[in-house]
Amino acid sequence: MAERPPSTRRVAWEQPQAPGWGSSQQQLDRLREPQAWGTEPGFSASSYLTQRQEERKALQHIQAFLGASEKEEAQKLQFLASICALCRGVDCEALGGDLSDLCSKAALAEEIKVLLEEQPHDLQGIAVRQQALLAITAMSKVRPVLEDTQNNSLLHACICSIFSFPPREDMQSMEALLYDQTLDALHNMLQELVFGAHVCGLLELQHILQVLLPFTESQRAAERERAVHKIAQLSKLLTSSSLWEGHVPSRGVQDSTASLGTEHFQMLGQLVARLRLCCSDEDEGTRRGAADALCHLGSFLLKRESGKPSEDSAEHRRLQGDWKAETFWLSWSQSTSDTTMIFGKHLCPSEMTEVILTAIEGMSDSSAYHTLAAARMLAVAMRHSASRLRHASRIVRCIYENLMHVSEQLARRVLLRTLLQLSSLYPEKAVRSLLASSVLCDSVAVAMWRVMVSQPATAEKVLGELLFVLQERRQGRRVCFVEDEPHVVPLAATRALRKILLQPTLQQGKALFPMLCVALLFQISFAMEATLQDVEAFFKTDTEEGRGSPISPVRSALQALQALLHWAGYGEQVGVLHKTGGWDMLICAESHHQGITLLARQLRTSATKECHWIFHHLLLVLSMRDVQREIPSMAFFTELLNCAEFSTAVDEQVLRLFQRHLRTGRLVMRGLVLRGLLMLSESPEVAGKLQGLLPDVMERLHDADRDINVKALCILRNVLHHMERERAGPVALQLAEKLLPLFDDASQETLLAAAEFLKWNQLGYLTQTLQTWRIGECLLVQDRSRAEKYLCQSLPYLESPQAALQELAVRFIVLQELLDDGRPSIHCLAAQTILLLDAVQTQEPSGWQCQALCCRLRRLWERWRPPPADDSVVAQLHERSQMLRDLHTEDT
């Protein structure tokens, strides 16, 4: 690779360490070193020495010029002539044709470019231009090869400097002569660049044509004509045998007919389209030059298709005759349609894409081409090649970039009809390309979306593709679009969908409502977890019309969902959710699942048919272990269980699903599952199916969330109520042990459920009248044989951190002597204790139980500091506990 030139011309020469540049003395010493004399005929030592002297002088002139601050025209001419002399010397066999040993070729090219750009845009300084062309020609014969950017930049400076001359008819005879000479020098230079020994000729020719092509759009007629004629001259080289045969390309290019004809000459379609538009130019010279160039391109196409036959072969002459018979009228014909059809038969799909892109760009108001001619070209190209295009996304993007600049009504209709064709044939590429082109869905994109959904069949395809984009899973990254389109989040589709659904005439695609509804719900969930980069990329300069603040991705997705409901005929439900605060809940992270529940509640009563699909789809999503979509799916799914149609559809798959999510670590998910099970447990037909989930439901009684505890208790109550007594017994025993920790919170509802299950009216009465302190007495009265067990169960509560539980435990086990106390509270406390002690004496409790009771009472006394009013009671408790310990000692 050639080195880049340093930042300034003077420094570029003087820096001793720059690649390819030595010090001035080192460079001159290289030329003084003795070289191996050859034995070529005519070679002599004197001629060699003369040549070396000329090279040294040339190098000195170059150094002096680059170091000078003021540069006259004579100095410029001498500098350019010195470059020619130096290149001629380097091109000899002794130095191997490499200029990098003496100086930087890139720096020389940059200096020539600056000289050309400094010349006035008239015939003054034409000698400098001619000498510059000669210098570039000489440089093209030696290595190293310039980088493409440097080469194209230098070419553009040359062509622009010459094409900027005034029209030839405005020149004097001498000026015209100099102008013709300059054009000849330019042609020689371009030919030398194409057929140079160090480049691939076809690639270099393409580079030159790419530089010339923009001049065919110039607003100046003279520049257009000069560019077209130069392209015609160079196009003739495409059929040259020396370009196809006997050339060993560099840069790793494989020299074969197939690669040269198709792979490396990629601008053929663009070239054909630009020239055909030039055939409609108002200037006759431009029209004829374009027609000549098209004829040469036609010959190239025939040669490419025929497998490179010899120009003298009968096959080639026949093909050439057929081509001339089709294109002889190009110099005067205005039929763009016919020309497009002729070339369309020979161009490949990627080349036809370039024709279409060029036609679209040519329809713009600022284009120098005839707008209607470009429109006719586009119409014909689409009619004959629309079904075999490979880059439809590029065409859609080009339409987006040019639509607002096309004011001619006929051309605009052709452009929009092209968009409709692409949307029908390539809906995926059309949708994704437009999303990538306008993430924020501006007014141009809205106009395009309207066209894309204007036909029923196409509308369903477009909505289907938008649905597919919405359904794509991000997994922490933005969705990558096909081909070379940028990365865009699916949230862009929500903005586009909202704009589409606001069209009152859109009636197609109603069958997609449930799928779009679920997809938008998920997008709201995703948007609340979007990264800062996603948000910034989404609404960079996004401002709502008439408002100064941007719309967030979450609210944008919400607006799309509201538009979807209105479009599907559920506007009343939108209003209900607004009144109940459902929309605000939906876009808040803490209440998001509750907002989904409210939405599902509205839809299950008004969109039963659509909810049938949603039910089964959410069941599939919940089975996929998709963490991002689990909570919104479960919120909607459990609400649908309120319908008998869906609750009776519960099977083993649903039960296994609930069981798995009951064991999840997320509190919200467990609450949603319990909510669904609670609704199912209220149905006698379904409650029986839930018996296998009771162990998992009982485990939720230990959760720290009160709402979860209550739901679990209600489920257990409902299921046990619908079970036979024999089967419910063992479950009730397990449940009793699980209920103990709940007596500090949810005990009242628990006791009521237990009373109802046990059919114990007195227990229910005491609970409802808040006489829970009498429940222990009732337990002992009902079954004294369980006194020891009750005592063991009461002991752990003496060490509870909650004072209320400690008091209840003491009340249950306090000594009987307190019965003599006259205060009513102590009397009641003692009454309970008498029953307990009687039971203990009857059963002769083991020693460790009494000892444990004494120890617990003592520890309770040591750390409990009651109010002064209760000192007498506490003192008596302490005394009686000591007495109980003494009794235990005697028994032992």
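## Exercises on a predicted all-residue model

At 0% relative accessibility, Phe658 counts as buried. The structure is a predicted model, and the exercises below work through parts of it.

**Exercise 1. Determine which partner Phe658 pairs with, and how the two rings are arranged.**

Solution.
- Step 1. Phe658 forms an aromatic pair with Phe637, with ring centres 6.3 Å apart and 75 degrees between the planes.
- Step 2. Planes over 60 degrees apart count as edge-to-face, and the pair of Phe637 and Phe658 is given that label.
- Step 3. Phe637 belongs to helix H32 (residues 627-640) and Phe658 to helix H34 (residues 652-662), so the pair ties together parts that are 21 residues apart in sequence.
- Step 4. Phe637 is buried, at a relative accessible area of 0%.
- Step 5. One aromatic cluster is made up of Phe615, Phe637, Phe646 and Phe658.

**Exercise 2. Classify the pair Phe65 and Phe79 from its ring geometry.**

Solution.
- Step 1. The count of aromatic pairs comes to seven.
- Step 2. For Phe65 and Phe79, the ring centres are 4.3 Å apart and the planes meet at 15 degrees, so the pair is stacked.
- Step 3. Phe65 is in helix H3 (residues 45-67) and Phe79 in helix H4 (residues 73-90), so this pair ties together parts 14 residues apart in sequence.
- Step 4. Phe65 and Phe79 are both buried.

**Exercise 3. Describe the largest nonpolar core, and state which helix gives the most to it.**

Solution.
- Step 1. The largest nonpolar core has 224 residues, and those touching the most other members are Ile112, Trp449, Leu561, Phe658 and Leu677.
- Step 2. Helix H25 (residues 513-528) gives the most to this core, with 12 residues.
- Step 3. Take Leu677: leaving out residues up to four places away in sequence, Leu677 touches Phe658, Leu662, Leu690, Leu693, Val697 and Ile715.
- Step 4. Another core, of seven residues, lies apart from the largest one; among its residues are Leu751, Ala755, Trp760 and Leu766.

**Exercise 4. Explain why helix H19 (residues 392-402) is described as largely enclosed.**

Solution.
- Step 1. The buried residues of H19 are Ala392, Ser393, Ile395, Val396, Arg397, Cys398, Ile399, Tyr400 and Asn402.
- Step 2. These are nine of the 11 residues of H19, so the helix is largely enclosed by the rest of the structure.
- Step 3. The cover over the buried residues of H19 includes helices H17 (349-362), H20 (409-425), H21 (427-437) and H22 (443-452).

**Exercise 5. Examine the length, packing and N-terminal end of helix H20.**

Solution.
- Step 1. H20 has 17 residues and reaches 24 Å from first C-alpha to last, close to the 24 Å expected at 1.5 Å a residue.
- Step 2. Its buried residues are Ala411, Val414, Leu415, Thr418, Leu419, Leu420, Leu422 and Ser423.
- Step 3. The buried residues of H20 pack against H17, helix H18 (371-385), H19, H21, H22 and helix H23 (456-471).
- Step 4. At the N-terminal end of H20, Glu408 acts as a cap: a side-chain oxygen lies 2.9 Å from the backbone nitrogen of Leu410.

**Exercise 6. Place His592, Cys279 and Asn188 in the structure, and state whether each is buried or partly exposed.**

Solution.
- Step 1. His592 is in helix H30 (residues 592-606). Buried means under 20% relative accessible area, and His592, at 6%, counts as buried.
- Step 2. Beyond neighbours within four places in sequence, His592 is in contact with Leu521, Ile524, Ser525, Met528, Met585, Leu586 and Pro632.
- Step 3. Cys279 is found in the loop between helix H13 (268-278) and helix H14 (284-305). With a relative accessible area of 1%, Cys279 is buried.
- Step 4. Cys279 and Ala291 are 12 residues apart in sequence, and their C-alpha atoms are 6.4 Å apart.
- Step 5. Asn188 lies in helix H8 (residues 173-194) and, at 46% relative accessibility, counts as partly exposed.
- Step 6. The C-alpha atoms of Asn188 and Leu133 are separated by 8.7 Å, with their positions 55 residues apart along the chain.

**Exercise 7. Summarise the whole protein chain: how many helices and strands are there, and what share of residues is buried?**

Solution.
- Step 1. The protein chain has 47 helices and zero strands.
- Step 2. Of its 892 residues, 52% count as buried.
- Step 3. Among contacts with a separation of 6 or more, 71% join residues 24 or more positions apart.
- Step 4. The chain exposes about 41,000 Å², of which carbon and sulfur atoms supply 52%.

Methods: Residues numbered from 1 in each chain as written. Predicted model: local features only at pLDDT ≥ 70, side-chain atom pairs only at ≥ 80, totals over all residues. Heavy atoms only, no water. Helix = DSSP H or I, 4+ residues; strand = E, 2+ residues; numbered from the N terminus. Buried < 20%, exposed > 50% of the residue type's maximum accessible area, 1.4 Å probe, protein only. Contact = heavy atoms within 4.5 Å. Core = buried A, V, L, I, M, F, W, Y, C linked by side-chain atoms within 4.5 Å. Areas by Shrake-Rupley, 256 points an atom, 1.4 Å probe, with all protein chains shown as cover. Expected span 1.5 Å × (residues − 1). Polar contact = N/O pair within 3.5 Å; in protein donor to acceptor, adjacent residues only side chain to side chain. Phe/Tyr/Trp six-rings, centres within 6.5 Å; stacked < 30°, edge-to-face > 60°.
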